[in-house]
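The following exercises concern the fold, one pocket and two serine residues of a single chain. Each task is followed by a solution in steps.

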Amino acid sequence: MLEVKKLNVSFHGITALTGVDIKIEGRKVVALLGVNGAGKSALCSAISGIIFKEMRGQILYEGQVIYNGEEISSLPAHSRVRLGISHCLEG
């Protein structure tokens, strides 16, 4: 199970997401839809670890990313890949 709790994401002082809560049960297919700028990439980047909680003294996201009951918010992307979480960017 993947769970996101109270996720806030910002880049250079601009808020991309505020207070996002998601719970995805195992073995489910999920689609994330929205217009440009809705925060789809910000959400996926926070879940996969492509963006860090803190970088160069700036908080990029707050909240929790929980996978199979384990808090993974502080894990780097390469550690999340070992858990089966990845993010393939377009382009």
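**Exercise 1. Determine the order of helices and strands along the chain, and assess its overall dimensions.**

Solution. Step 1: read along the sequence, the elements follow the order β-β-α-β-β-β-β-α. Step 2: this gives 2 helices and 6 strands, where helices (H or I, at least four residues) and strands (E, at least two) are DSSP runs numbered from the N terminus. The model is predicted, so local features need pLDDT of at least 70 and side-chain atom pairs count only at pLDDT 80 or more, whereas totals for chains, interfaces and linings use all residues. Residues are numbered from 1 along each chain as its sequence is written, and side-chain values use heavy atoms, with hydrogens and water left out.

Step 3: for 91 residues a compact globule would have a radius of gyration near 12 Å, and the 13 Å of the chain agrees with this; the radius is taken over C-alpha atoms, and the globule rule is 2.2 Å times the number of residues to the power 0.38. Step 4: the C-alpha trace spans about 35 × 30 × 30 Å along its principal axes.

**Exercise 2. Describe the lining of the largest pocket.**

Solution. Step 1: a pocket is an open set of points on a 1 Å grid over the protein atoms alone, where a 1.4 Å probe fits, with protein on both sides within 12 Å along at least five of seven lines; lining residues have an atom within 4 Å of a point. Step 2: there are 17 lining residues, and Leu2, Ile24, Lys28, Val30 and Ile47 lie nearest the centre. Step 3: β2 (14–24) and α1 (40–48) each supply at least two lining residues, with α1 giving the most, 3 residues.

**Exercise 3. Decide whether Ser45 and Ser74 are buried or exposed, and place each in the fold.**

Solution. Step 1: Ser45 belongs to helix α1. Its relative accessible area is 10%, so Ser45 is buried (buried means under 20%, exposed over 50%, partly exposed in between, with a 1.4 Å probe and protein chains only). Step 2: beyond residues up to four places away in sequence, Ser45 touches Ile50, Ile51 and His87, contact meaning heavy atoms within 4.5 Å. Step 3: Ser74 sits in the loop between β6 (70–71) and α2 (77–82). Ser74 counts as exposed because its relative accessibility is 66%. Step 4: Ser74 and Asn8 are 66 residues apart in sequence and 15 Å apart in space, C-alpha to C-alpha.
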